[in-house]
Amino acid sequence: MPFELPELPYAKDALEPNIDAKTMEIHHGKHHAGYTSKLNSAIEGTDLDGKTIENILINLDMSNTAVRNNGGGYYNHRLFWEVMSPSGGGEPSGELANAINDAYGNFESFKDKFSAAAGGQFGSGWAWLCVHEGGKVEVCSTPNQDNPIMPGVGCGGTPILGLDVWEHAYYLNYQNRRPDYVNAFFNVINWEKVASLYAQNK
Ligand code: MN
C-alpha cells in the first residue's frame, strides 16, 4: 500500500490570519504531496515497501537520502497539520503542562526555548517538542526534513509538536520575518492534540 497524502483536518483558509490560505494550498498540495509521491517511488520494490513510516524512520539508514528526505517530509508534515487548529492557541493543561513545567519552569520559558530553536535553525528545518520514554519532554531543532525518531538525530524521543521553518512554510506572508511566523504558530497550536500524542508516547 503506497503512502497517501492525508487530507487537511480543516479548510485551507481556516488558520488565517496566522497562516494564509495560499501558503496552506501550496504547502499541502504541492510540497507535502511531492514528498509523499517521492517517498513511494523511493521504497517501491525495496524491503521498506509495506512498512509503517515510523518503522521506516526509526530504523533508517541515514545514507539513504531519498527515504531520509522524503520519508521525513511525509512524516513531518503529517504531524504539522495535526498539531494546528483554528480553535488552537492558549496553553496546555494536565499532565502535558506538568511535563513542560518540570522541564522548563513555566509555559513562557518553554515558549522562549521553542521559539529560539525555531529561530536559530540555520536554513531549512524544524523545531520540535519531543517526549522521551518516562514522560520527560525536550525541545530541539533539526535540519532539512530530519526528525528526532531517526537514528542519532536531534534530541531523540517522539515528536509531539513540530514547526516547519522552511521558507516555503511562511515566505509568502511573512517574507524574512521568521520570528513573526513562529509567534503566529503559537496562536494555532492544537494543545489537545499535542496532549493526546504525549499520553500515547510517554
Ligand atoms: Mn514544509
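**Exercise 1.** Where does UniProt place the feature "domain: Manganese/iron superoxide dismutase N-terminal"? Then describe that span in this predicted model.

*Solution.*
Step 1. The UniProt record, an unreviewed entry, puts the feature at residues 3-85.
Step 2. In the model, residues 3-85 are 57% helix and 0% strand. The end C-alpha atoms of this span lie 24 Å apart.
Step 3. Now take the C-terminal domain annotation, also from an unreviewed UniProt entry, at residues 92-195. That span is 40% helix and 20% strand, and its end C-alpha atoms lie 7 Å apart.

**Exercise 2.** Which residues coordinate the manganese ion? Find which parts of the chain His27 and His168 tie together.

*Solution.*
Step 1. List the donors: His27 (NE2), His77 (NE2), Asp164 (OD) and His168 (NE2), at 1.9 to 2.1 Å.
Step 2. Read their spacing in sequence: H-x49-H-x86-D-x3-H.
Step 3. Place the pair. His27 sits in helix H1 (residues 21-43), and His168 in the loop between strand S3 (158-164) and helix H6 (171-174), so the two join parts that are 141 residues apart in sequence.
Step 4. Check His27 for burial. Buried means under 20% relative accessible area. His27 has 2%, so His27 is buried.

**Exercise 3.** Is Asp146 buried or exposed? Start from its salt bridge with Arg68.

*Solution.*
Step 1. The search of the whole structure gives 5 salt bridges. In one of them, the side chains of Arg68 and Asp146 meet at 2.9 Å, N to O.
Step 2. Arg68 is in helix H3 (residues 65-82), and Asp146 in the loop between strand S2 (137-143) and S3, 78 residues apart.
Step 3. Asp146 has a relative accessible area of 5%, so Asp146 is buried. Arg68, at 23%, counts as partly exposed.

Methods. Residues numbered from 1 in each chain as written. Predicted model: local features only at pLDDT ≥ 70, side-chain atom pairs only at ≥ 80, totals over all residues. Heavy atoms only, no water. Donors = N, O, S within 2.8 Å, 3.2 Å for Na, K, Ca; no water. Helix = DSSP H or I, 4+ residues; strand = E, 2+ residues; numbered from the N terminus. Buried < 20%, exposed > 50% of the residue type's maximum accessible area, 1.4 Å probe, protein only. UniProt positions renumbered as here; feature names shortened; annotations may be inferred. Salt bridge = Lys/Arg side-chain N within 4 Å of Asp/Glu carboxyl O.
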